[in-house]
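Me: I should like a close look at a single part of this structure. Please describe one strand together with its surroundings, in terms that a first-year student can follow.

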Amino acid sequence: MKYTVAIVAIAFASLAIAVNGAPAAAGQQEAQVVRYDSDVQPEGYKFAVETSDGKSHQEEGQLKHVGTDHEAIAVRGFYTYLGDDGQTYTVNYVADENGYQPEGEHLPRAVQ
């Protein structure tokens with residue numbers, strides 16, 4: 001239960017970043033939210049947001065190992081945006097006890 005507040009805070013912080021992003025440059029219009037869905041539960045959350053400038057962000061998080069000393073949140077989601085080059089980019093990610101793990105065609109990959 002102690003992580004419920006953290007889940008809600010993370011969900012709304014992520015949403016604020018997704019919706020607000022960086023300030024619009026001179027001559028650009030600010031984006032408007034065209035879709036917003038949110039569901040916050042005691043042991044998890046999910047949200048989806050889309051803006052008029054082509055950005056979208058979906059995420060869900062769940063508490064793992066509830067009630068133990070190893071209680072943690074596991075997050076999975078993706079976001080898309082239109083790059084300066086006119087191409088749409090997508091980043092899929094997981095964030096859990098192993099850290100933030102983004103994947104995208106445009107992101108460098110570790111050599112193994």
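Reply: The following account concerns strand 2, its pairing partners and one residue of a neighbouring strand. The model is a predicted one.

Strand 2 covers residues 44–51. Of its 8 residues, 6 are buried, so the strand is largely enclosed by the rest of the structure.

Strand 2 pairs with strand 1, which comprises residues 33–41. The two run in the antiparallel sense, and 8 bridges connect them. Together they form a hairpin in which 2 residues lie between the strands. Within this pairing, G44 of strand 2 stands opposite Q41.

Strand 2 also pairs with strand 3, residues 56–64, again in an antiparallel arrangement, here with 7 bridges. These strands likewise form a hairpin, with 4 residues between them. The turn contains G54, whose phi is positive, at about 90°. Across this pairing, Y45 stands opposite G61 of strand 3.

Y45 also leads to a second residue of strand 3, namely E59. The side chains of Y45 and E59 make a polar contact at 2.4 Å. A further polar contact, also at 2.4 Å, joins the side chain of E59 to that of Y93. E59 is buried, yet it has no salt bridge. The nearest side chain of opposite charge belongs to R76, which is 11 Å away, whereas a salt bridge requires the charged atoms to be within 4 Å.

In summary, strand 2 has antiparallel pairings with strand 1 and with strand 3, and the side chain of Y45 contacts that of the buried E59.

Terms used: Residues are numbered from 1 along each chain as its sequence is written. This is a predicted model: local features need pLDDT of at least 70, side-chain atom pairs count only at pLDDT 80 or more; totals for chains, interfaces and linings use all residues. Side-chain values use heavy atoms; hydrogens and water are left out. Buried means under 20% relative accessible area, exposed over 50%, partly exposed in between (1.4 Å probe, protein chains only). Two strands pair if DSSP finds at least two bridges between them. Lys and Arg count as positive and Asp and Glu as negative; His and the chain ends are not counted. A polar contact is a pair of N or O atoms within 3.5 Å; within protein, one must be able to donate a hydrogen and the other to accept it, and residues adjacent in sequence count only if both atoms are side-chain atoms.
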